[in-house]
Amino acid sequence: MSNSRRLFLKGACAAVVGASGFTIATAKDQAGSKVEQSCKYALVHDETKCIGCDACSIACREVNQVPEGVSRLEIEREGPFGEYPDQYFRFTRKSCQQCDDTPCVKVCPTGAAYKDPKTGIVCVDEWKCVGCQYCIAACPYQIRFIHPVTKAADKCDFCKETRLKEGLLPACVDACPTKALTFGDISDPESQVVQVLKSAPSYRTKTDLGTRPKVFRIAAKGGEINL
Amino acid sequence: MSPFHFDSLVWPWPIAIYLFLAGISAGAICFAVLLKHFKLGRDAYKSGFVQAACLIAPLAVFAGLGILVIDLTKPFDFWKILVFYNPTSVMSVGVAVLMVYQVALFAWLACVFKTPVLNWCNGRWPIVSKIFNAIAKHEATITGLLVMLALSLGAYTGFLLSALTTYPMLNNPVLPLLFLISGLSSGAAGTLLGGVLLNGNPDGKEVHFIHNIEIPIILLEIVLLFTFFAGLILTGGQSQVAALAAIGEGFWGWIFWAGVVVVGLSMPLAFNLFMKASAKRKFSYVAVTASCSLVGVLLLRNFILYTGQMTIA
Amino acid sequence: MSRLFKYSAPVLMSILLVVAASTVSIQAIAAEFKINENKQCIMCHKRNGVMQGVHANNALDISCQDCHGEKEGHPRKASNLVGFGEKSAADANTQTQRCLACHDHDVLAQDDWSHDVHSNKVNCASCHLLHPNKDPIVGVSEKERSELCSSCHVAK
């Protein structure tokens with residue numbers, strides 16, 4: 001009896017050591033593959049230029065066939081600030097932040113949520129998704145939703161499947177009349193997106209959660225100072 | 001803001017029931033193992049309490065999995081969770097634990113009920129006795145494995161929620177422990193309630209044994225619950241906002257103070273202490289105490305799930 | 001009082017719209033609006049001055065002068081007439097003041113947030129036209145609205 005128990009304990013210890021060793025080994029693998037990444041797409045939303053016309057979200061809905069009632073991209077409006085007739089609003093982009101450290105990918109039980117190693121874009125494999133909604137709960141930016149037709153989780157993928165494939169810019173970037181959106185490869189120091197980021201101070205939201213988002217914002221001058 | 005409908009709500013009550021069922025399954029089987037190991041030995045299968053625990057454990061786990069599958073937006077694709085694994089996902093690891101747990105559970109049930117099953121077979125189907133004997137040979141290993149898996153399952157119900165950085169109240173290191181301990185106490189309550197309903201002796205040694213463990217478990221649960229909220233409030237920021245919104249005035253505040261603290265913890269603790277002092281245990285005492293505990297744990301799961309999702313980081 | 005106005009204004013407007021909708025369906029009736037019997041203006045502006053929109057409704061009892069101002073020396077000599085639109089000599093503030101005389105900016109803000117930012121800086125006629133029987137901005141699709149924004153707001 002005591003012998004078998006000892007044997008069991010030894011076995012259990014070996015299993016634990018093996019499992020942790022495996023996890024560490026695969027973690028190293030992942031770190032290794034990051035270096036080979038060919039590019040890393042990022043987006044800058046210049047809030048100083050944004051007029052809240054919704055051209056981006058309308059274009060997004062059209063191009064990506066997003067049904068009514070859900071959306072991949074929304075412009076949130078805050079305000080009005082100031083006194084009439086000198087009032088202003090503040091517009092912020094609500095869409096996938098394309099985190100480099102992705103809470104959604106981490107929690108997905110089937111691997112349906114994944115980060116494309118070639119582009120750094122966070123994507124959803126519609127077929128693999130079972131609709132457990134764990135990713136929707138895990139996303140601190142609350143931008144994931146269940147697509148009413150496919151029943152899979154869905155969100156902005158920088159138009160990877162619709163426009164990037166054809167060598168075009170994401171629909172929102174193309175549609176913006178004031179050129180408030182800049183898209184490009186952040187790993188390329190010559191890219192426009194890097195130039196824009198270097199030209200003005202930018203910020204990202206909820207960075208304290210360690211998500212390292214790839215959607216940057218240039219803050220509008222207006223707006224309230226929140227303590 | 002409505003207590004059951006708000007923007008940041010992703011997982012509604014079926015998930016709370018699933019968490020409750022997984023916890024009660026793990027808790028019940030732990031108590032069955034303890035009863036067999038320390039009190040009853042080979043005759044464990046004759047006890048109504050062990051029978052109850054052995055019924056609750058598999059039924060609860062099946063019902064819980066059923067709820068989980070129905071709650072998917074693509075229920076017919078549930079098999080993909082079993083085929084594709086993601087080691088960084090708590091849910092994926094939890095599903096793996098659940099699968100192995102079920103195997104260990106049935107293997108252990110076979111060990112416990114070997115004698116009555118073989119008696120019933122009465123020499124027919126020799127393959128059955130061969131299988132049962134083969135399994136029973138490894139009873140020690142199976143028991144150890146089962147207890148570890150049951151504890152993992154109980155903790156998993158908490159880790160599932162605590163992995164969500166979105167919600168500061170859920171993203172809390174105490175949560176898995178709290179759910180594990182409350183799962184164990186619900187398992188004890190389920191075993192007691194089922195046992196007396198299955199004509200177990202309400203003043204039997206099983207009840208004395210379980211009650212002796214239940215009292216420290218309830219005390220521990222109170223400590224953990226206190227730590228849970230004290231930790232949140234001391235953290236400040238959104239954690240504090242979330243904690244105060246949860247236990248402050250309002251629908252869920254009432255659920256917490258009246259449902260969880262009074263009905264779920266204080267009353268069972270008082271009844272248990274009273275029964276220990278007065279020595280004589282009756283059916284009604286045991287049943288009422290156990291029901292209070294079960295209601296409390298079920299409310300706790302719903303309370304944590306809903307209020308946890310109310311405040312985002 | 002202002003609360004009462006807040007609710008009564010939209011109700012009144014919708015009643016007027018219904019009334020207007022039922023009248024404008026017959027174009028000929030437009031000429032019968034009292035405002036279009038204004039000899040002083042319509043004599044010359046038969047083609048470009050006839051009012052068919054909601055503001056023409058007899059119940060409102062608006063005359064051309066209420067918005068455009070008195071004739072004075074027009075057309076030969078100087079006048080303080082205000083025209084509406086891009087081409088008008090009047091600046092945006094002068095134009096918007098004419099509308100704001102009746103339309104409270106708080107009420108306008110409730111109808112659409114963009115009233116707040118354009119305030120007195122952009123003439124109302126950039127989006128609204130009152131002479132045609134239907135103001136082109138009423139009931140535009142989301143997309144048309146957005147295109148209207150970008151018709152002015154466009155980066156070089």
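Me: A residue counts as buried if 20 or more other C-beta atoms lie within 10 Å of its own. By that rule, what share of the residues in chain A is buried?

Reply: This is a predicted model, so everything here describes a prediction. In chain A, 39% of the 227 residues are buried. The chain holds 6 helices and 9 strands. Of its contacts with a separation of 6 or more, 59% link residues 24 or more positions apart.

Me: Let's try the rule on one residue. Why is Asp54(A) called buried?

Reply: Count its neighbours: 21 other C-beta atoms sit within 10 Å of Asp54(A). The cut-off is 20 or more, so Asp54(A) is buried. As for where to look, Asp54(A) is in the loop between strand E1 (41-46) and helix H2 (55-63) of chain A.

Me: And what makes the backbone at Asp54(A) stand out?

Reply: Its phi is near 70°, which is a positive value in a residue that isn't glycine. Most residues other than glycine have a negative phi.

Me: Which other residue of this kind has a phi near 50°?

Reply: That's Gln98(A), again a positive value in a residue other than glycine. You'll find Gln98(A) in the loop between E3 and helix H3 (103-107) of chain A.

Me: Is Gln98(A) buried or exposed, and how do you know?

Reply: Gln98(A) has 25 C-beta neighbours inside 10 Å. Set that against the cut-off of 20 or more, and Gln98(A) counts as buried.

Me: What makes the bond between Gly79(A) and Pro80(A) worth a look?

Reply: The peptide bond joining Gly79(A) and Pro80(A) is cis, with omega about 0°. Most peptide bonds are trans. Pro80(A) belongs to strand E2 (residues 74-81) of chain A. There's also a cis bond between Tyr84(A) and Pro85(A), where omega is about 5°. Pro85(A) sits in the loop between E2 and strand E3 (88-94).

Me: On to chain B. Are H4(B) and H6(B) roughly parallel or roughly perpendicular, and how do you know?

Reply: Helix H4 (residues 90-112) and helix H6 (residues 126-137) of chain B pack at about 105°, and their axes are 9 Å apart. Angles from 65 to 115 degrees count as roughly perpendicular, so H4(B) and H6(B) are roughly perpendicular to each other.

Me: Which residues make that contact?

Reply: From H4(B) come Ala107(B), Ala110(B) and Cys111(B), and from H6(B) come Phe132(B), Ile135(B) and Ala136(B). By class, that contact has 6 nonpolar residues, with no polar and no charged ones.

Me: Why is H6(B) said to lie largely in the open?

Reply: The number of buried residues among its 12 is 0, so H6(B) lies largely in the open.

Me: How does the span of H6(B) compare with what is expected at 1.5 Å a residue?

Reply: From first C-alpha to last, H6(B) reaches 17 Å, which is close to the expected 16 Å.

Me: Which stretches of chain B does UniProt list as "transmembrane region"?

Reply: An unreviewed UniProt entry lists several, among them residues 177-198 and 251-271 of chain B. In the model, residues 177-198 of chain B are 95% helix and 0% strand, and the C-alpha atoms at the ends are 31 Å apart. Residues 251-271 of chain B are 100% helix and 0% strand, with 27 Å between the end C-alpha atoms.

Me: Which two chains share the most contacts?

Reply: Of the 2 pairs of chains that touch, A and B have the most contacts. In that pair, 28 residues of chain B meet 28 residues of chain A. On the chain B side, helix H3 (79-83), H4 and helix H7 (139-162) each give two or more residues. H4(B) has the largest share, 4 residues. The chain B side divides into 15 nonpolar, 10 polar and 3 charged residues.

Me: And where does chain C come in?

Reply: Chain C puts 14 residues against 15 residues of chain A. Helix H7 (114-118) and helix H8 (142-152) of chain C each supply at least two residues of that side, and H8(C) gives the most, with 5. By class, the chain C side has 5 nonpolar, 6 polar and 3 charged residues.

Me: How far apart are the closest C-alpha atoms of chain B and chain C?

Reply: They lie 23 Å apart, and no contact joins chain B and chain C.

Terms used. Residues are numbered from 1 along each chain as its sequence is written. Chains are lettered from A and ligands numbered from 1 in the order in which they are written. This is a predicted model: local features need pLDDT of at least 70, side-chain atom pairs count only at pLDDT 80 or more; totals for chains, interfaces and linings use all residues. Axes are lines fitted to C-alpha atoms, for helices over the stretch in contact, and angles run from 0 to 180 degrees between N-to-C directions. Angles under 35 degrees count as roughly parallel, over 145 as roughly antiparallel, 65 to 115 as roughly perpendicular and the rest as oblique. Two residues are in contact if their C-beta atoms, placed from the backbone, lie within 7 Å. Ala, Val, Leu, Ile, Met, Phe, Trp, Tyr, Cys and Pro count as nonpolar, Asp, Glu, Lys and Arg as charged, and the others, Gly among them, as polar. UniProt positions are given in the numbering used here, feature names are shortened, and annotations may be inferred rather than shown by experiment. The expected span of a helix is 1.5 Å times one less than its number of residues.
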